[in-house]
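The exercises below are meant to be worked with the sequence and the coordinates open side by side. Each task is followed by a solution that proceeds step by step.

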Amino acid sequence: APEFSLQREDGGRFTNADLAGRTVVLVFYPHAFSPVCTDQFQVYQEALGEITKDGAEIYGVSTDNSASQTAFREHLGVTIPMLSDFEPKGEAARALGAYFEPAGFTNRALIVFRDGVVAWSWLGENPGVLPGVNLVFDGLAAAQAA
């Protein structure tokens, strides 16, 4: 994976080093509080036990600031941690191919890492496309097979 750095909700950094020895799903989404993003995270929360049962971790990523992401997560009642790609805006999303340049924010994308290597990815045709939880499971299966 290319070098990247994202801000955690607690102000710490999430970097490539956090991928070592782990299976990690990064869920890129355009904006906190948008209708499709709301549906997406509610569905993923419902399936969280199954997503994480073999030790996988899942994080939401957008170009929103951390305070907006935390408010979004708390409003939805989800426990999926959020990572901010706010400043420099979209730098990690650009490095990972998940930035939607025409609109200036994160596209909807799923990237599954296994031990620091991209094992599987999916990129929406546009930010309005909702990736069902089945795609997360496809990515996790591909990472296990890698």
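A residue counts as buried when its relative accessible area is under 20%, as exposed when that area is over 50%, and as partly exposed in between. The model to which this cut-off is applied here is a predicted one.

**Exercise 1. Salt bridges around Arg-73**

Classify Arg-73 as buried or exposed, and then determine which residues are linked with Arg-73 in a network of salt bridges.

Step 1. The relative accessibility of Arg-73 is 17%, and because buried means under 20%, Arg-73 counts as buried.

Step 2. One partner is Glu-9, whose side chain meets that of Arg-73 in a salt bridge with an N to O distance of 3.0 Å. This pair links distant parts of the chain, since Glu-9 lies in the loop between β1 (5-8) and β2 (13-15) while Arg-73 belongs to helix α3 (residues 66-76), 64 residues apart.

Step 3. Glu-74 also forms a salt bridge with Arg-73, with the closest N and O atoms 4.0 Å apart. Glu-9, Arg-73 and Glu-74 are therefore linked in a network of salt bridges.

Step 4. The acidic members can be classified by the cut-offs already used: Glu-9, at 25% relative accessibility, counts as partly exposed, whereas Glu-74, at 54%, counts as exposed.

Step 5. The count of salt bridges comes to 5, and among them is the one between Arg-94 and Glu-101, whose closest N and O atoms are 3.6 Å apart. Arg-94 is partly exposed, with a relative accessible area of 40%.

**Exercise 2. The two sides of α3**

Which residues of α3 are buried, and which exposed residues does the face turned away from its buried side carry?

Step 1. The buried residues of α3 are Ser-66, Gln-69, Thr-70, Phe-72, Arg-73 and Leu-76. They cover an arc of only 160 degrees around the axis, which places them on the same side of α3.

Step 2. An α-helix has 3.6 residues a turn, so residues three or four places apart point the same way.

Step 3. On the face turned away from the buried side, α3 carries the exposed residues Ala-67, Glu-74 and His-75.

Step 4. The cover over the buried residues of α3 includes β1, α1, β4 and β5 (82-84).

**Exercise 3. α5 and the largest pocket**

Establish how the buried residues of α5 are arranged around its axis, and find which element gives the most to the lining of the largest pocket.

Step 1. Helix α5 (residues 133-145) has 13 residues and reaches 19 Å from its first C-alpha to its last, which is close to the 18 Å expected at 1.5 Å a residue.

Step 2. Buried in α5 are Val-133, Leu-135, Val-136, Gly-139, Leu-140 and Ala-143. Their arc around the axis is only 155 degrees, which puts them on the same side of α5.

Step 3. Among the elements that cover these buried residues are β3 (23-28), α1 (35-46), α2 (48-52), β8 (109-114) and β9 (117-123).

Step 4. The largest pocket has a volume of about 180 Å³, and its lining includes Glu-50, Ile-51, Phe-137, Leu-140, Ala-141, Ala-143 and Gln-144.

Step 5. Both α2 and α5 supply at least two residues of this lining, and α5 gives the most, with 5 residues.

How values were computed
Residues are numbered from 1 along each chain as its sequence is written. This is a predicted model: local features need pLDDT of at least 70, side-chain atom pairs count only at pLDDT 80 or more; totals for chains, interfaces and linings use all residues. Side-chain values use heavy atoms; hydrogens and water are left out. Helices (H or I, at least four residues) and strands (E, at least two) are DSSP runs, numbered from the N terminus. The expected span of a helix is 1.5 Å times one less than its number of residues. Buried means under 20% relative accessible area, exposed over 50%, partly exposed in between (1.4 Å probe, protein chains only). The arc is that of the directions from the helix axis to the C-beta atoms. Contact means heavy atoms within 4.5 Å. On a 1 Å grid over the protein atoms alone, a cavity is a set of points where a 1.4 Å probe fits but cannot get out, and a pocket is an open set with protein on both sides within 12 Å along at least five of seven lines; lining residues have an atom within 4 Å of a point. Grid points are joined across faces, edges and corners, and a volume is the space filled by probe spheres set on the points.
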